[in-house]
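Student: I should like to learn how to read the features of a protein model. May we begin once the structure is before us?

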Amino acid sequence: MSNPSCGKIAKIKKIVCVFLSVAMLMTACSCAKTSAKKTTDDDLKKFIEKQEVTLADQETSNNDKASSYYSLGNATLTLDKTRKVSIRYVPLGGPVFLELKDTEGNVWRLDIPENALPYAETISMQLAGDISTDMLSGQLNAGVVLQPEGLQFIIPATLSITGPKASTDKSVVFFGDQSGKYLNFAAKKAETDKLSVEVAHFSSYILYTPVSEGEFQQAAEMAAESYKEAVKEAKAFLKTPISVPPVPPDYTFMCKDEDGENASEVRNRALDMYIENVVQPEKDLIIKLLASGREVALLDQNQEAFYYAGLLQLRNIKKADKLIASYKNDVDKLIPVMNASLKILKEAQTLGVDISIQPYLDTFSDWMVRAADKKIKEIREEHNYKAMGPAVSLIQSALIFTSDFQVSQDFSRKYLQKLKDAMTFTVNYDASLHSGIANQRMTLKGKVELSWLDENDEKVFTGKGEGEYVSYSNSSPNTTRIDYPNKYPVNMKFVNFSPCDSKTVDVQVDTIGAQTEVWYNPELDQKSSDEYSFVNFMAEQLFQDYKQEDGNYLFQVPFTNNNAVMGSESFTKTASISYPEEGSASGSIAYTIEIKHTPK
């Protein structure tokens, strides 16, 4: 599961898709006919179910456990030096493709998805013509050699063949090593005028289309022999011990690129490599079974490829169970274990394995809740505001995995309130003004509590508070002065604030001073209300750069993570002001904002 993008509820479904969108096995065999005869290998299933799974050393990978050297035969390839294409594959550079046309008009295309490899590599595809072999009496149409030899993909590539020789379901695709040795059936998917095969590692691929009944029968016999050997190999492997590689280093929930440029993508590719190691060698054996089993089924011959493939996948299910049991109390192991398990479970369903997925989803939901709790704790105790996005994603993903709707709704309200309480801030501000008219000076202060608005608009924090006038003086002390504290309401917002993406906290303020100021005349001992706000007048004159069309002010405060004071900044301006009646005089204003983290 790759990894999640921080602070964007709109991306939650995409994050869940990352959890669930694991590479599937070739499912071309889903159209194959399965045998109705009862299997005689129920003892194998019982043996697997009773096996204990061990955590293996990472160095002794499952990939080294089984390797089949059974071969249909060999072919001799003559490479066409004039028909070769290459491309430089770069991780994160997007998907790429290579394309060649053979002498019979077939187009060979290799599509390589993004993140298929964790490193840059020059990849080439070269046409092979004049292919000869002693294993078939018919002519092998054409083929390609993919280089570098033995290159392993994290996410499989797709080799497609479009053209006249790929127009019949009788066409088959063989794969072997770079020189054409150790040929076996590739698991093909047939469409109109097109065949496609999944490419997990580089080798040679050869297209063969029987044109006579004798050639067709010969291919059928070859498929039956290949299937027989695949079953024999699978049965032998099913009796071997089961081990699974331990989980790689912690996969913590964080903002994209928080730990360095492209670091999230690097972690995700490492995760894909780990998952591929978990499901091997069972996956390769399943592909062999289904590829040869499909050819047998197309000939209306009995086969049980899905049954033995299901037994192999049962081993992988036990691996998933072992990983869950070993790491379910460690929230930083959630993503590797969950992604590997979901991949295994999805493939098990494809193979028709009878298994209930909901208990796994409930386990992962509880696991996500613990991870969300950890993130909320980081917000409260470490002032890690960037933990908000991952926390939201975990909460919403946990809801999707929960089977009980009412429980999920109660859970949603509870956790979203916990998150709101954790992401609560107090904005303290101080304002001081000086007017050259009568040499007036005035100071104000205020406090506003802001909290996250709701889960539907995750970038907005709103709050209400109160400001007051603290002092006033002018050159004529006996004249009318402000009647402080003269308290007034203040509304603020953090606009478009996303801890993972924002460099500043954009603080929107609806007013600098009171809308109606109360003044006191000491000589007359009389108070009066004045809807002409002296403070707001000066603010409008001097803070024009911060004034918005809607009448609010917008101040950008530098954002600081992992600090109780999330941001602090002073805004000052001095200029000549044209007063309505008194004429022009100098004026100045200073406005200081301090954002403190005050979780409830």
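Student: Is S341 buried or exposed?

Tutor: Buried means under 20% relative accessible area, exposed over 50%, and partly exposed in between, with a 1.4 Å probe and protein chains only. S341 has 0% relative accessibility and therefore counts as buried. This serine belongs to helix α7. Leaving aside residues up to four places away in sequence, S341 touches A320, I324 and F364, where contact means heavy atoms within 4.5 Å.

Student: On what basis do these statements rest?

Tutor: The model is predicted: local features need pLDDT of at least 70, side-chain atom pairs count only at pLDDT 80 or more, and totals for chains, interfaces and linings use all residues. Residues are numbered from 1 along each chain as its sequence is written, and side-chain values use heavy atoms, with hydrogens and water left out.

Student: At what angle do α7 and α8 pack?

Tutor: Helices (H or I, at least four residues) and strands (E, at least two) are DSSP runs, numbered from the N terminus. Axes are lines fitted to C-alpha atoms, for helices over the stretch in contact, and angles run from 0 to 180 degrees between N-to-C directions. Helix α7 (residues 334-350) packs against helix α8 (residues 358-382) at about 165°, and their axes are 11 Å apart. That angle makes α7 roughly antiparallel to α8; angles under 35 degrees count as roughly parallel, over 145 as roughly antiparallel, 65 to 115 as roughly perpendicular and the rest as oblique.

Student: Which residues make the contact?

Tutor: From α7 they are L334, V337, M338, S341, L342 and L345, and from α8 they are Y360, L361, F364, W367, M368 and A371. The residues of this contact divide into eleven nonpolar, one polar and no charged. Here Ala, Val, Leu, Ile, Met, Phe, Trp, Tyr, Cys and Pro count as nonpolar, Asp, Glu, Lys and Arg as charged, and the others, Gly among them, as polar.

Student: How should a sheet be read, and in what order do the six strands of the open sheet stand?

Tutor: Strands of a sheet pair through backbone hydrogen bonds, either parallel or antiparallel. Two strands pair if DSSP finds at least two bridges between them. In this model six strands form an open sheet in the order β2-β5-β6-β12-β8-β9, with antiparallel pairing. β2 (75-89) and β9 (184-185) stand at the edges with a single partner strand each, so one side of each is left without a neighbour in the sheet. Within the sheet, five bridges join β8 (residues 172-176) to β12 (residues 204-208), and F175 has Y205 of β12 as its bridge partner.

Student: How many bridges link β23 and β24?

Tutor: Strand β23 (residues 565-579) and strand β24 (residues 583-597) pair in the antiparallel sense over 14 bridges. A hairpin of three residues joins β23 to β24, and S568 stands opposite E594 in β24.

Student: Which backbone features deserve a look?

Tutor: Most residues other than glycine have a negative phi, and most peptide bonds are trans. Y182, in the loop between β8 and β9, has a positive phi near 55° and is partly exposed at 47% relative accessible area. D525, in the loop between β20 (517-521) and β21 (526-530), has a positive phi near 50° and is exposed at 57%.

Student: Where do cis peptide bonds occur?

Tutor: One joins Q280 and P281, with omega about 0°; P281 lies in the loop between α4 (263-279) and α5 (282-298). Another runs from Y484 to P485, with omega near 20°, and P485 is in the loop between β17 (481-482) and β18 (488-494).
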